[in-house]
Structures are given as structure tokens and as C-alpha cells.
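Here's a quick briefing to read with the model open in your viewer. We'll start with the whole chain, then go through the strands, a helix and two loop positions.

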Amino acid sequence: MSSWTITKVLGQVTIQDNGRTGFAHLGITESGAADKWAMRCANALVGNAESEPLLEITLGGFAFTSGCEVSLAVTGAKAPLFLNDIPVDQYQTIELHKGDRFEIKPASEGARLYLAASGGFDTERLFGSASTCTREGLGSELSVGDELTLSKPTITDSVALSVDQIPQFKRSIRLGLVKGLQSHLYDWQAFDRFFKTRFEVSPLADRMGYRLIADNPIKPPVGGIRSEGINLGAVQIPADGHPIIMLNDHQTIGGYMKIGSICRADLALLAQATPGTEVFFYPISVEHAQHRLRHQLKRVPKLV
């Protein structure tokens, strides 16, 4: 049978792809892989289209037994991998045979791993995407005992990602901020303080959003606003002054003031950050943010 039997799940494991767009007016968010580069690399290593649905594994701790022959690849956060208890490497093609046991240990760096299988997974598409968003009832998280059906499993050529394209995960990150609709409510002194403030990722961080904390938070000039549409990467400032950055499963409307939005090219840095990671913001124009995103999207995985 062309399937995998899940034997261990420690964190959240979901099916993700590029996500869905055009449904926010229905209260449906985009979802999709939080680290798009890791997704593209994993799919490239097994010969899939770059947005083929794959597994997003939060913090590692995942294992299964294969019921078929198939090639797979694991990218994203750094974690030990084992095939039948023998260590194997990330960012390269791994060949599985029927009965093989594959395990991803807990991540040592980064937050999210991506596992692609050649030929993809046999998943249902809802609103144009296979991406899971459990809050909205679109798909479900994988659990022990589940059978994960593969679509067209194949064995592909053995390749690896060029070493210079493998990301390094740091405990201090900088995020570009494009000023938003309510930014004018802050005076220049408050903005200056905001960009000089050291924030830290709190334990309240998931696919819906990341809450940051600071020793001296900059409280908003207003307690709230009339609820309005909210986008991926928006930086909300609640009454306590500790920012909340919207991630892929964010709500579609919100009533906190928004100081701005994170440059999309920087969102993967946030998605791979774990609690305790140091965060600084820097100002960036709309034009520069768009240029950086276009450059990122044109980047092609180099296979060797």
C-alpha cells in the first residue's frame, strides 16, 4: 500500500502548500507553509513542483513506517534524522523502501521542518489549497496511528542542496517593518524607541501569531480601533505594548492598532524563531520590501 503509518508525533504536524488567497472576506485565512524557502527546497530535492503539498513539522519529534518505495527530503529547522536507526542528512534525497522506519528527532535549531515525498501526498484541496488550518476546520493535524496516503510515490535521483543555500538559524534576528495605517498615531520619539527596543519571542508563538515581549514596552496611544481586515505579517500593538505579529493562520480581522507589517521576505526568520530569540525591527519602505520579496521568489534551489 502506498502509505505511511505514523508512529510518533510530539508537536504539530500538518499538510501545507503555498496557501490560499482571495477568501479573507469569508473569514478564511491563507495558511500555507510558514517557511516558503524550506518548502521549495524540500520539493526540489525530490523532483516535485515547488508548491506541492508537504508536511510541516513543528519542533521535530515525528516518525513513521513506510509501506512503499519512495524518495523524501527534509529541510528547515536543524534536527537529527534516522533511517532504520542509522543517521542520515537533511537537505538531500533519502531513499525509503517498504518496511523502512524513518524518524525526525526534536529540533536543535529552528522551529519548523519540512518533509516532501516524491509524487506528493494524496490530500483533499479546499478553497484551492491542501493547506491545513485546524481553527477553521480545514484539514486536521496528524496523530499516531494515522495512515498518510502518497499520491504517486517514486524513487528519484540522489541530489543535495548546495551548502551555501542551507540556512543558518540565529538567536537574534532583524525584521523589516513597513509603516501601517495607524503608525501616524505614534510620534517620532515613540517610533525611535520602537526601533531601538530589544524584543524577545515569548512562549506564546504558533502558526496564528508570535507574541513578543520587552522590558520596557511602548504602549499604544489608543487602546483599540474598530475591527478591520488584517494581513499576514501585521504587527498589532495591544494595550500592554507587547507586539503580536500575525503568522500564516492569523485571524482575518482585528481590533488592535497596527504599527505596520513585516517585510514578507523576513517572515521565514520569524517562523523559525523559538522562544527566547532576540528580535529587533528596522524601517523599510514598501518599494524596498517588494524588491526583496521579488528577489527571494526568483531564487532557485541549487542541486548538486
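A contact here means heavy atoms within 4.5 Å. With that in hand, residues 24 or more positions apart account for 77% of the contacts in the protein chain with a separation of 6 or more. Keep in mind that this is a predicted model. The chain carries four helices and 20 strands, and 51% of its 304 residues count as buried.

**Overall shape and surface**

- The radius of gyration comes out at 20 Å, and a compact globule of 304 residues would be near 19 Å, so the chain agrees with that expectation.
- If you're setting up a box, the C-alpha atoms fill one of roughly 65 × 40 × 30 Å along the principal axes.
- About 13,700 Å² of the protein chain is exposed, with carbon and sulfur atoms supplying 53% of that area.
- On the charge side, there are 30 positive and 32 negative side chains, and the centres of these two sets sit 7 Å apart.

**Strand β5 and its partners**

- Strand β5 covers residues 70–78, and eight of its nine residues are buried, so the rest of the structure largely encloses it.
- One partner is β8 (residues 94–96), which runs antiparallel to β5 and is joined to it by three bridges.
- To find that pairing on screen, look for S71, which stands opposite E95 in β8.
- β5 also pairs with β10 (residues 109–117), again in the antiparallel sense, this time over six bridges.
- A handy marker for the β10 pairing is G76, which stands opposite L113.

**Helix α1**

- Helix α1 is mostly covered, with eight of its 10 residues buried.
- The buried ones are W37, A38, M39, R40, C41, A42, N43 and L45. Note that R40 is on that list.
- What do the buried residues of α1 pack against? They pack against β3, β5, β10 and α4, the last of these spanning 286–298.
- That puts β5 and β10 in the picture twice: both pack against α1, and they pair with each other.

**Strands β12, β13 and β20**

- β12 (residues 172–179) and β20 (residues 278–283) pair in the parallel sense, over six bridges.
- Within that pairing, G176 stands opposite Y282 in β20.
- β20 is also joined to β13 (residues 199–205), but here the strands run antiparallel and there are two bridges.
- For the β13 side, the pair to look at is E200 and E278, which stand opposite each other.

**Strands β13, β14 and β17**

- A hairpin of three residues leads from β13 to β14, and the two strands pair antiparallel over three bridges.
- A205 stands opposite Y210 in β14.
- β14 (residues 209–213) is mostly covered, as four of its five residues are buried.
- β14 has a further antiparallel pairing with β17 (residues 244–246), also over three bridges.
- In the β17 pairing, R211 stands opposite I244.

**Loop position P53**

- P53 lies in the loop between α1 (36–45) and β3 (54–58).
- Is this loop residue buried or exposed? P53 has a relative accessible area of 2%, and the cut-off for buried is under 20%, so P53 counts as buried.
- Leaving out residues up to four places away in sequence, P53 touches I15, Q16, D17, F121, T123, R125 and A130.
- P53 and S131 are 78 residues apart in sequence, yet their C-alpha atoms are 7.4 Å apart in space.

**Loop position I284**

- I284 is found in the loop between β20 and α4.
- With a relative accessible area of 9%, I284 is buried too.
- Its contacts, not counting residues up to four places away in sequence, are G176, L177, V178, C263, A289 and R292.
- One of those contacts is G176, the residue that stands opposite Y282 in β20.
- I284 and L267 are 17 residues apart in sequence, with 14 Å between their C-alpha atoms.

Notes: Residues numbered from 1 in each chain as written. Predicted model: local features only at pLDDT ≥ 70, side-chain atom pairs only at ≥ 80, totals over all residues. Heavy atoms only, no water. Buried < 20%, exposed > 50% of the residue type's maximum accessible area, 1.4 Å probe, protein only. Rg over C-alpha atoms; globule rule 2.2 N^0.38 Å. Areas by Shrake-Rupley, 256 points an atom, 1.4 Å probe, with all protein chains shown as cover. Lys, Arg positive; Asp, Glu negative; His and termini not counted. Charge placed at Lys NZ, Arg CZ, Asp CG, Glu CD. Pairing = 2+ DSSP bridges.
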